[in-house]
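Welcome! Take a moment to look over the sequence and the fold, then try each exercise before you read its solution.

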Amino acid sequence: MLDGRFASICIIDDTLEQNGGAIWRVVEMCAMHVCALSLLTSPLHPPLVLVNHIINSSHRALLEHAGAEVIESPPLPQWNSSGVLWARRSCRSAPLVCGANVTKPPRLGNFYRLHLWDPSIAGARKVAYLDPDTLPIRNASALLSDFEPPAALRLGDKCRTSSRKWYEPPGGIFLDGERIRKNDYYWNAGVVVLSPSTEAYNTLMAMFRSGSYPNADPGNYASDQDLLQAFYWRALHGHPPNALPHTLNFRGYPCSYYAVADNLTTVKIVHQAKSLRQHNPWRGVCPRLTYAQYRAILKSFLANRSCMKRGPTAVADPLSCD
């Protein structure tokens, strides 16, 4: 059992199974994420990446060239009728996201990350989980050394929308008969420091099967983030996880820039870097390179199979943002 490791997922939705180009773009995104992490953070152990059955040997090879340990994930439990009700409830708030006749949750693949709470899969006492659409731009080793699990980015008042309609579900957030303020409850699950345990894993799987958790975001569908928020609210007796700074999960929201202030070059992980339309997490955080240039350099490292430069003296000068 390792003391700590980084982990992510690279799950291909079954609707893309016949679309080789789309699959390759997803795998490339996952590989660039791992390559940047390998080069800039130089983890002691290969980052773990869970994949599903659609990932073939060529996809797996690219992830391994990036520095990952690739493991095929177990399947998810059956999403039962209770769960479908949760998905339909959220679709009524966001019909453009998932349509009216949903038979399973949109982006079901995101729930595969719940398997990282299984110690036999994670293989470590502490895991720093990063979404595959995060992009490390500086050393992020602090996630494993400086924060006790569970830890995540709390959003709070500064990150709330001005419209109450979109900020809280109609009637508020209810869990176990209690109405909860979203500011107290809500956090982003794109970067999470966690401790795998059999008890936690079994509870998460039971919640997945039953759909027994609220949808905390009326502008979205019921998601794995909602499940994790409910799990930790119960586990921590009405408290959110320990707080990660915005520098370790930089979303590019106005509140992100407010929190970091003039210290943009301290940002270590950019989240949702694949799209700069709604909010731009790249502005100011990497003065030396544009987003396109950064991705091009990562692609060259992947092509040359040179992502794995582990060790305390590993440096990736071409990737330096400063």
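The exercises below walk through a predicted model.

**Exercise 1. The strand β1 and its neighbours**

Task: Find out with which strands β1 pairs, and in which sense.

Solution:
- Step 1. Locate β1, which covers residues 2–10.
- Step 2. Look for its link with strand β4, residues 124–130: the two run parallel and are joined by 5 bridges. Within this pairing, Ala7 stands opposite Tyr129.
- Step 3. Turn to strand β2, residues 48–51, which pairs with β1 in the parallel sense over 4 bridges. Here Leu48 is the bridge partner of Ala7, and Leu50 stands opposite Ile9.
- Step 4. Put the two together: Ala7 has Tyr129 of β4 opposite it and Leu48 of β2 as a bridge partner.
- Step 5. Ask how enclosed β1 is. Buried means under 20% relative accessible area. Because 7 of the 9 residues of β1 are buried, the strand is largely enclosed by the rest of the structure.

**Exercise 2. Two faces of β2**

Task: Work out which way the side chains of β2 point, and whether they are buried or exposed.

Solution:
- Step 1. Start from a general rule: side chains in a regular strand alternate between the two faces of the sheet.
- Step 2. Sort the residues of β2: Leu48 and Leu50 point one way, while Val49 and Val51 point the other way.
- Step 3. Check their exposure: all of these residues are buried.
- Step 4. Follow the pairing onward. β2 also pairs with β3 in the parallel sense, over 4 bridges, and Leu50 stands opposite Ile71 of β3. Leu50 also stands opposite Ile9 of β1.

**Exercise 3. The second largest pocket**

Task: Describe the lining of the second largest pocket, and say which element gives the most to it.

Solution:
- Step 1. Begin with the space: the pocket holds about 250 Å³.
- Step 2. List its lining: Asp3, Gly4, Arg5, Phe6, Thr41, Ser42, Pro43, Leu44, His45, Ser141, Leu144 and Ser145.
- Step 3. Assign these residues to elements. Two or more come from each of β1 and α6, where α6 spans 142–145. β1 gives the most, with 4 residues.
- Step 4. Sort the lining by class: 4 residues are nonpolar, 6 are polar and 2 are charged.

**Exercise 4. Ser42 and other unusual backbone spots**

Task: What is special about the backbone of Ser42, of Ala261 and of the bond between Pro149 and Pro150?

Solution:
- Step 1. Recall the general background: most residues other than glycine have a negative phi, and most peptide bonds are trans.
- Step 2. Look at Ser42, in the loop between α1 (20–41) and β2. Although not a glycine, Ser42 has a positive phi of about 50°. With a relative accessible area of 12%, Ser42 is buried.
- Step 3. Find Ala261 in the loop between α11 (254–260) and β11 (269–271). Its phi is also positive, near 55°. Ala261 has 44% relative accessibility, so it counts as partly exposed.
- Step 4. Move to Pro149 and Pro150, joined by a cis peptide bond with omega about -5°. Pro150 lies in the loop between α6 and β6 (151–154).

**Exercise 5. Separation along the chain and in space**

Task: How far apart in space are Gly67 and Ser42, and how far apart are Gln229 and Pro241?

Solution:
- Step 1. Place Gly67 in the loop between α2 (57–66) and β3 (69–72); at 1% relative accessibility it is buried.
- Step 2. Relate Gly67 to Ser42: they are 25 residues apart along the chain, and their C-alpha atoms are separated by 9.9 Å.
- Step 3. Now take Gln229, which lies in helix α10, residues 224–235, and is buried with a relative accessible area of 0%. Gln229 is 12 residues from Pro241 in sequence and 8.9 Å from it in space, C-alpha to C-alpha.

**Exercise 6. Rings and charges**

Task: Which residues form an aromatic cluster, and which charged ends sit over rings?

Solution:
- Step 1. Search the whole structure for aromatic pairs: there are 7.
- Step 2. Pick out the cluster that ring pairs make of Trp187, Phe231 and Tyr232.
- Step 3. Look for charges over rings. The charged end of Lys182 sits over the ring of Tyr186, 4.5 Å from its centre. The charged end of Arg283 sits over the ring of Tyr257, 4.1 Å from its centre.

Terms used: Residues are numbered from 1 along each chain as its sequence is written. This is a predicted model: local features need pLDDT of at least 70, side-chain atom pairs count only at pLDDT 80 or more; totals for chains, interfaces and linings use all residues. Side-chain values use heavy atoms; hydrogens and water are left out. On a 1 Å grid over the protein atoms alone, a cavity is a set of points where a 1.4 Å probe fits but cannot get out, and a pocket is an open set with protein on both sides within 12 Å along at least five of seven lines; lining residues have an atom within 4 Å of a point. Grid points are joined across faces, edges and corners, and a volume is the space filled by probe spheres set on the points. Ala, Val, Leu, Ile, Met, Phe, Trp, Tyr, Cys and Pro count as nonpolar, Asp, Glu, Lys and Arg as charged, and the others, Gly among them, as polar. Buried means under 20% relative accessible area, exposed over 50%, partly exposed in between (1.4 Å probe, protein chains only). Two strands pair if DSSP finds at least two bridges between them. Rings of Phe, Tyr and Trp (its six-membered ring) pair if their centres lie within 6.5 Å; planes under 30 degrees apart count as stacked, over 60 as edge-to-face and the rest as tilted. A charge sits over a ring if NZ of Lys or CZ of Arg is within 6 Å of the ring centre and within 35 degrees of the ring normal.
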